[in-house]
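Reader: I'd like some help learning to read a protein model. Could we go through a few features together, one at a time?
Author: Gladly; let's look at it side by side.

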Amino acid sequence: MTAIAEKEFRNDFTQQFEGDESGDRTPRQTPGKLYSKTIPTPVAAPKLLAWSKNLAEELGIADPSTEDVQILAGNKITASMNPYAARYAGHQFGNWAGQLGDGRAITLGEWGSKNGIFELQLKGAGPTAYSRHADGRAVLRSSVREYLMSEAMHHLGVPTTRALALVETGDKVLRDMFYNGNPEYEPGAIVSRVAPSFLRFGNFELLAAQGDKEKMKQLIDWTIDRYFPHLTEEDRILTWFQEVVDKTAFLMTEWQRVGFVHGVMNTDNMSILGLTIDYGPFSFLDHYDHNFTPNTTDLPGRRYAFGNQPSIGYWNLGRLANAISLLFDDTEGLENALDSYEKIFWDYYYEMMAKKLGFQTPGKEEKKIIARFEAVLSSIQPDMTLFYRLLAEIPSETVPETLLKHFAPSLYSDLQPKEQEELVALLTDYSKMAKNDGLSEEARKNLMNQTNPRIILRNYLLHEAIEELERGENKLFVRLQEAMKQPYATDGFEDLVKKRPEWAETKAGCSMLSCSS
């Protein structure tokens, strides 16, 4: 194990590509550059609030010393670091936004380990050339959410960036939480983010907008050599795009599996590695609603609602395909790869849903009942997480009274007679199919309980933990850190396994959030 302060960092990205090395943090355009050198801005009184020991061990990092905490707060830079903010562009809410870039994220360098090379990035460490009119800081509220959720998603088995540490800065940050003209000062914090790469679709869109074929080819070749080294054929750019299509389709099915809603699926928030990236106004589903979006900025159109995520994944891939078409005289291969998304997604989706329902394979009859589950759940809107865990324990006696009583803990409202009838009919037919599927009852339960989480980080729990931290308490925060490591456990943490309470349905920070969250 090596202390962060003693580690020799690599700086492959800044050594490979042209950047603005001036260190000037004045917001501006930096044409022709892929990054700007950016030294973090010191904070008043850094205090370590959380440390992901699990991730640290994977990276070969020792527990943080006082000096390491100063580094994680942006107060100290070692000689081997070359901190920078990446420059990229993107489509935001369907519209071209031009140059964007890391407005409050600063990459310190790359960390080599037995598990590969990872980038270490500080989010909330001060202004960069791409901060526009913002301060480059992050508040405790958003930082707690990102720290806990990125680690929770990892333990759920969903591809994601990770969080190594959470540091309170001792400074106050002015934020208008809902963009409604009521700004308030909030405690500041910094999250240390880790990923093999933070490259996103927008990195390539930027170069396409500039018509820079040379840099586009250079960035794609570097990306393939570093992250897709198995691609050695002559037309590897096309094969690479096909893999990005596959990874994105898989990520979308994983979000649907656990009921995760990203909230702001702009192309600058889409990872080229198929990772969940940039946690902002996210939420897990409570009641099952395809139209749910946690993002106030996404209203009234609900572009990024839960049910739209797979199609938005496709739309974003279309923007990436359009960008890299700069290198193609004939785009037929790109178009074919993009068109393959639909089949790839549905193949992943039905395979995933079969496991959620405890079936071995998604055959014709299984697909029919999957569609029925979608229809009935969308109608009665039970708690998604609780419903699927209860389904694994469905009573053998499928009489209406027994079934309705069994699933009652997952319901947010009383069912109408027709809804009761439809639910009972579905569950009766499902029970028969499950018994005839060939798996033993124990094997079916195990399959379902390894696919359907029991514990999720609900927004109201995150909100309560944040309120406690702001009062100087950390009991719930610590408890959530432990609970997120075992989301599929069959027992324990019973107080966290319950429906969203009524008070949280409309409370700010629990039901809807803004992009600043």
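Reader: Let me start with a strand. How many of the nine residues of strand β6 are buried?
Author: One thing to keep in mind first: this is a predicted model. In β6 (residues 105-113), seven of the nine residues are buried, and the strand is mostly covered.

Reader: Which way do β6 and strand β7 run, and how many bridges join them?
Author: A general idea to hold on to is that side chains in a regular strand alternate between the two faces of the sheet. Here, β6 and β7 (residues 116-123) run antiparallel and are joined by eight bridges. For a landmark, find I106, which stands opposite L122 in β7. The two strands form a hairpin, with two residues between them.

Reader: What about strand β9: how many bridges join it to strand β10?
Author: Ten bridges link β9 to β10 (residues 184-195), and the two run antiparallel. To find your place, look at R162, whose bridge partner in β10 is V194. β9 (residues 162-175) also pairs with strand β2 (residues 47-51), again antiparallel, through four bridges. In that pairing, L48 stands opposite V167 in β9.

Reader: Now helices. At what angle do helix α16 and helix α17 pack?
Author: The general idea is that two packed helices are described by the angle between their axes and the distance between the axes. For α16 (residues 459-470) and α17 (residues 475-483), the angle is about 140° and the axes are 7 Å apart. That makes α16 oblique to α17, because roughly antiparallel is reserved for angles over 145 degrees.

Reader: Which residues of α16 meet α17?
Author: From α16 come L461, L462, E464, A465, E468 and L469, and they meet K475, L476, F477 and L480 in α17. Sorted by class, this contact has seven nonpolar, three charged and no polar residues.

Reader: Why is α16 described as largely enclosed by the rest of the structure?
Author: Count its buried residues: nine of the twelve are buried, so the rest of the structure largely encloses α16. Those buried residues are N459, Y460, L461, L462, H463, A465, I466, E468 and L469. They pack against α4 (140-156), β12 (283-284) and α17.

Reader: What span should the twelve residues of α16 have?
Author: At 1.5 Å a residue, α16 should span 16 Å, and its end C-alpha atoms are indeed 16 Å apart. After the helix comes G472, with a positive phi near 90°.

Reader: Can we try the same exercise on another helix? How far does helix α11 reach from its first C-alpha to its last?
Author: α11 (residues 364-380) has 17 residues and reaches 25 Å, close to the 24 Å expected at 1.5 Å a residue. Its buried residues are E366, I369, I370, F373, E374, V376, L377 and I380. The elements covering them include α10 (341-356), α12 (384-391) and α14 (417-435).

Reader: What is the phi of Q381, and where does this residue lie?
Author: Its phi is positive, about 50°, although Q381 is not a glycine. You will find Q381 in the loop between α11 and α12. At 25% relative accessibility, this residue counts as partly exposed.
F93 is another one to inspect: although not a glycine, F93 has a positive phi of about 55°. F93 sits in the loop between β4 (89-92) and β5 (95-99), and is partly exposed with a relative accessible area of 25%.

Reader: Still on the backbone, which residues does a cis peptide bond join?
Author: Look at L299 and P300, where omega is about 5°. P300 belongs to the loop between β12 and α8 (309-324).

Reader: To finish, a single side chain: which residues is F250 in contact with, leaving aside its neighbours within four places in sequence?
Author: Those contacts are P159 and Y348. F250 lies in helix α7 (residues 236-258) and is partly exposed, with a relative accessible area of 31%. Also check G274: it is 24 residues from F250 along the chain, with 8.0 Å between their C-alpha atoms.

Terms used
Residues numbered from 1 in each chain as written. Predicted model: local features only at pLDDT ≥ 70, side-chain atom pairs only at ≥ 80, totals over all residues. Heavy atoms only, no water. Axes fitted to C-alpha atoms, helices over the stretch in contact; angles between N-to-C directions. Parallel < 35°, antiparallel > 145°, perpendicular 65-115°, else oblique. Contact = heavy atoms within 4.5 Å. Nonpolar A, V, L, I, M, F, W, Y, C, P; charged D, E, K, R; others polar. Expected span 1.5 Å × (residues − 1). Buried < 20%, exposed > 50% of the residue type's maximum accessible area, 1.4 Å probe, protein only. Pairing = 2+ DSSP bridges.
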